[in-house]
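Visitor: Please take a close look at one part of this structure with me. I would like to follow a single helix and then see where that leads us.

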Amino acid sequence: MTTTSSALLASLYTGFRGEFHRVYSETPSDFANIATVISSTTSSSTYGWLGQFPSLQEWVGNRVIKDMQAHSYSITNKLHESTLGIKRTAIEDDEVGIYRPLFGEMGRAAKVFPDELCFGLLKKGTQTACFDGQSFFDTEHPVYASTDGSGPVTLASNFDEGTGPAWYLLDNSRIIKSVIFQERTQPDLQAITASDDEAVFMRDEYRYGIRYRCNVGFAFWQLAYCSKKPLTDENFNAAYDAMAALKADGGRPLGVRPTHLIVPTYLRTAAHEVCVVGRRGNGADNPNAGIVTAVVTPWLN
């Protein structure tokens, strides 16, 4: 029979934590395909520069200082947790082996949690406001005649309404992507195993848990497009061309070039046909083969 000495508990924690980090490091994730990771040092961060696309011009005379319209788009970090309780008697009876896989699964859950948040936010883009006050995916984004956000307004769209499942085109070639993943802390495994802890005393249970502070928000709507029309060559080309034609305030072309097609698993075959295969079943060449990278994710299902 095993006794729950401090040395044994410390050794078990080292093993559980090692399994957590091993699986965490080996688990693939896809959120970097759509999100820029920004380290946060406070409870929330305000991205007042959203809406500003820096550009160069010929220097004639003094510098031209542009007073850009400020935006008060903030992302507040949220606290997340996952906790596992192990009965003290299980350790006394040397049954810890049955729990080790759970700590690996906790590592996997922590690694894919940013995927869950980022792709989940993308799914909510037609109902979630971005920096200009419109839904991130919307048909009425304001574009101003002057670079300072003043003057007559024209409306731009990054959304095609339809009845089918949504698919997304993104330009991820820039430093700032369309989604911001804001990370205040990184996930780690903590333990409470002290014999004089009240919960250990009252419930005869040790507790192990993950603590993670982070959140997600939208950046530039101009770098993303959502369509609920069927994923066909025609609709893909229309979305691609609409993104490429977008202009910044003042009328300057943005030079948007979509790089990724993001789809749920049930559009996997359609995405493959549109932008992956080089030759169609009828023998015709596919002009869009390789034009973007297809990312299939269950987090959009």
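Guide: Happy to! One term first: the bend at a residue is the angle between two axes, one fitted to the seven residues ending there and the other to the seven starting there. Keep in mind that this is a predicted model. Our helix is α3, residues 100–123. By that definition, α3 has a kink of about 40° at valine 112, shortly before proline 114. From its first C-alpha to its last, the 24-residue α3 still reaches 34 Å, close to the 34 Å expected at 1.5 Å a residue.

Now look at what α3 packs into. The largest nonpolar core holds 58 residues, and Ile34, Trp167, Leu169, Phe181 and Leu261 have the most contacts inside it. Elements giving two or more residues to this core include α3, β9, β11 and α5, and α3 gives the most, with six. A second, separate core has 17 residues, among them Leu12, Phe103, Leu189 and Tyr208.

Phe181 takes us from the helix to a strand, β9 (179–183). Five of the five residues of β9 are buried, so this strand is largely enclosed by the rest of the structure. Val179, Phe181 and Glu183 point one way, while Ile180 and Gln182 point the other way. On one pairing, β9 runs parallel to β1 (residues 35–39) over five bridges, with glutamate 183 as the bridge partner of serine 39. Five bridges also join β9 to β11, in the antiparallel sense, and there phenylalanine 181 stands opposite valine 216.

Definitions and conventions
Residues are numbered from 1 along each chain as its sequence is written. This is a predicted model: local features need pLDDT of at least 70, side-chain atom pairs count only at pLDDT 80 or more; totals for chains, interfaces and linings use all residues. Side-chain values use heavy atoms; hydrogens and water are left out. A nonpolar core is a set of buried Ala, Val, Leu, Ile, Met, Phe, Trp, Tyr and Cys residues joined through side-chain atoms within 4.5 Å. Buried means under 20% relative accessible area, exposed over 50%, partly exposed in between (1.4 Å probe, protein chains only). Helices (H or I, at least four residues) and strands (E, at least two) are DSSP runs, numbered from the N terminus. The expected span of a helix is 1.5 Å times one less than its number of residues. Two strands pair if DSSP finds at least two bridges between them.
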